[in-house]
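Student: I should like to work through this structure by question and answer. May we begin with the ligand and then turn to the secondary structure?

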Amino acid sequence: MSDETTTHEFQAETRKLLDIVINSLYTERDVFVRELISNAADALEKFRHESLTAGEVFDANAPLEINISLDEKEHLFTISDSGIGMNRAELAHNLGTIAHSGSNTFLSQLAEAAKKDVNLIGQFGVGFYSAFMAGKRVRVQSRSWDGGEGHEWASDGAGEFTISECPGLHRGTKIIVELKDDAHDYAQKWKIESIIKQYSAFVSFPIKLDGEIVNTVQAIWTKNKSEISDQEYNEFFKFTASGGDEPLYRLHFSADAPLAINALLFVPKENFEMFGFGRMEPGVNLYCQRVLIDQHSKNILPEWLRFLKGVVDSDDLPLNISRQALQDNALVNKIRKVVTKRFLKFLDEEAGRDEEQYLKFFSTFGYFLKEGATSDYEFQKELAKLMRFESSKGEAGKPVSLGDYLGRMQPDQDSIYYINGPSRAAVEAGPYVEMFKKKGIEILYTLEPIDDFVLNHLREFEGKKLVSADSANLDMPKTADETSEAPTEKLGEADTEKLIAWLKETLQDQVADVAVSKRLVDAPAMIVNPDGFMTGAMERVLAAGRQEKGLGLGAPGKKKLEINPKNALIQQLSALREKDADLAAEIARQIHDNAMIQAGLLIDPLAMVERNYKILQRAAGV
Ligand code: ADP
Ligand code: MG
């Protein structure tokens with residue numbers, strides 16, 4: 001046997017992870033029992049599913065259960081399952097690497113989250129390594145369901161593990177934890193029993209402790225709502241979400257027609273994607289008649305609902321459906337549609353019921369809904385209602401809905417306006433909102449680049465066009481006091497025309513057109529989008545994408561410059577043009593660059609700084 005032993009090093013990230021698990025998390029050691037039980041249950045679910053679809057399986061008669069045995073004398077905690085098992089390569093891969101891309105941010109996030117709430121570690125997909133919280137040495141004996149040779153994986157959690165052949169095993173996995181000197185109590189029955197009661201009540205296979213069954217198997221989602229207490233719901237949430245304390249939202253519903261569906265969905269409190277460790281795996285499991293047929297199902301909900309946890313169960317699906325067949329199954333598609341619509345309706349109701357709670361949800365998970373609005377036409381109407389934006393008529397930090405906006409529109413207003421910017425303050429200081437403020441027309445501030453894509457995709461809301469305020473030819477409704485506006489000093493028409501002709505020539509490489517602005521109030525100039533298709537923010541995102549790929553800045557579509565004849569600088573420029581054409585041209589270019597910056601668009605910073613010094617030198621009389 002020993003000459004078949006191979007020694008492997010843990011992947012570097014795994015080593016760091018083990019270090020965190022062993023040295024920072026050891027205070028919450030109970031977690032390891034739950035994690036090993038959860039892995040055993042996963043392995044059994046996987047086996048059950050394979051056995052329904054595959055013809056032949058090894059050890060077909062072994063009962064599907066989890067056995068835990070304790071040895072107080074030898075200080076051993078042993079857990080075994082008759083699940084899917086692992087072959088040699090799977091042992092090396094599954095127990096030697098981290099599934100998530102093991103970046104350093106991921107690890108430091110893990111360390112942070114673990115400090116906050118150690119229950120969260122299950123969500124990091126690092127469950128198995130928690131065995132080293134209590135074990136000085138861990139052995140994993142496993143034989144795959146295909147009946148190939150069995151192997152033993154062994155490690156003390158330091159830098160290496162070994163794998164050797166291990167004959168005579170049954171199907172499944174046995175994990176032997178040799179307890180550390182200060183962890184001997186994990187070989188005591190009362191202790192393990194209480195941990196199982198606390199954490200593993202919903203495991204859908206019998207758990208036997210030294211031969212006695214200690215759990216009751218239950219499918220809580222098929223029960224009547226009135227029979228389930230909040231505490232039971234929360235326990236179930238902890239179980240399905242591998243941790244966390246309470247969900248942010250919970251939706252439990254059943255339908256009989258046209259489809260028989262039982263669904264229990266949870267929105268967790270935390271968004272792990274925001275923590276920067278890559279794309280989340282879907283968290284809802286698909287059951288059929290209480291049998292799990294697709295864990296973390298990619299099919300049962302749209303991808304952008306991957307933050308949801310829980311269960312969808314339908315009696316209408318055939319039990320022996322294979323995972324591939326789920327992909328384009330018409331019935332699965334119908335269930336997806338029904339459940340998604342129901343969930344979005346639920347969110348809308350919640351938003352009406354408790355706005356503060358909804359805004360909390362939206363700030364954490366709104367991003368996913370926005371992803372849905374830009375990628376999925378099917379649910380756009382529902383998603384549009386759920387969007388929230390900062391607004392000129394809303395308080396900072398209290399974003400409003402498109403519905404709110406609609407209710408406040410001027411009688412003759414036929415569009416909903418928005419403008420993108422990096423922050424509320426930046427938008428309010430920019431030229432785009434001047435006229436809106438003056439006319440008392442509400443304008444939404446889209447502070448995330450994706451917002452413009454969302455509104456661009458939606459195109460309209462309840463018959464009102466969604467219009468970016470940086471588009472040219474913006475038609476704004478007239479307000480009553482505009483006709484009585486006091487005449488202000490401004491550049492005469494003839495001079496304006498000449499100035500515009502000169503600007504067109506001076507800036508011919510930079511702009512598509514120059515025109516008099518109908519909406520600037522104080523600012524000298526602004527950039528608008530002549531095509532009206534992409535907003536400045538969208539262009540910025542695309543340009544950043546090009547840069548990331550090393551494609552350079554690319555050539556953004558040429559913009560239109562609007563100037564304000566009421567502005568003193570513009571008036572002066574007209575005069576200066578005749579006295580000192582060179583300086584006037586530099587100033588014109590600078591005005592253009594400033595307007596580009598205010599539009600959030602890219603300019604050539606080096607050229608600008610050089611020009612800026614020239615102008616400053618003149619101002620200082622050099
Ligand atoms: P996760 O359960 O989130 O995938 P773990 O660290 O708990 O992460 O387990 C890593 C992997 O090891 C599992 O995905 C699974 O492939 C494998 N594994 C762990 N325990 C078992 C078991 N009892 N039987 C079969 N495979 C297992
Ligand atoms: Mg696990």
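Student: How many residues surround ligand 1?
Tutor: The model is a predicted one. The closest residues to ligand 1 are Asn39, Asp81, Asn94, Phe128 and Thr173. In total, the number of residues that surround ligand 1 is 11.

Student: Which residue has a side-chain N or O atom 2.9 Å from a nitrogen atom of ligand 1?
Tutor: Two of the contacts involve the backbone and an oxygen atom of the ligand: a polar backbone atom of glycine 127 is 3.3 Å away, and a backbone N or O atom of phenylalanine 128 lies at 2.9 Å. The contact from a nitrogen atom of ligand 1 to a side chain, at 2.9 Å, is made with aspartate 81.

Student: Do the buried residues of helix H6 lie on the same side or on opposite sides of H6?
Tutor: The buried residues of H6 (residues 189-199) are Lys191, Ile192, Ile195, Ile196 and Tyr199. Because they cover an arc of only 130° around the axis, they lie on the same side of H6. On the other side, the exposed residues are Trp190 and Lys197. The buried residues are thus placed on the same side.

Student: Which strands stand at the edges of the open sheet of 5 strands?
Tutor: The strand order is E15-E17-E16-E19-E18, with mixed pairing. Each edge strand has a single partner strand, so one side of each is left without a neighbour in the sheet. E15 pairs with E17 (residues 444-446) in the antiparallel sense over 2 bridges. The edge strands are E15 (390-391) and E18 (460-461).

Methods. Residues numbered from 1 in each chain as written. Chains lettered and ligands numbered in written order. Predicted model: local features only at pLDDT ≥ 70, side-chain atom pairs only at ≥ 80, totals over all residues. Heavy atoms only, no water. Buried < 20%, exposed > 50% of the residue type's maximum accessible area, 1.4 Å probe, protein only. Helix = DSSP H or I, 4+ residues; strand = E, 2+ residues; numbered from the N terminus. Arc of directions from axis to C-beta. Pairing = 2+ DSSP bridges. Near = heavy atom within 4 Å. Polar contact = N/O pair within 3.5 Å; in protein donor to acceptor, adjacent residues only side chain to side chain.
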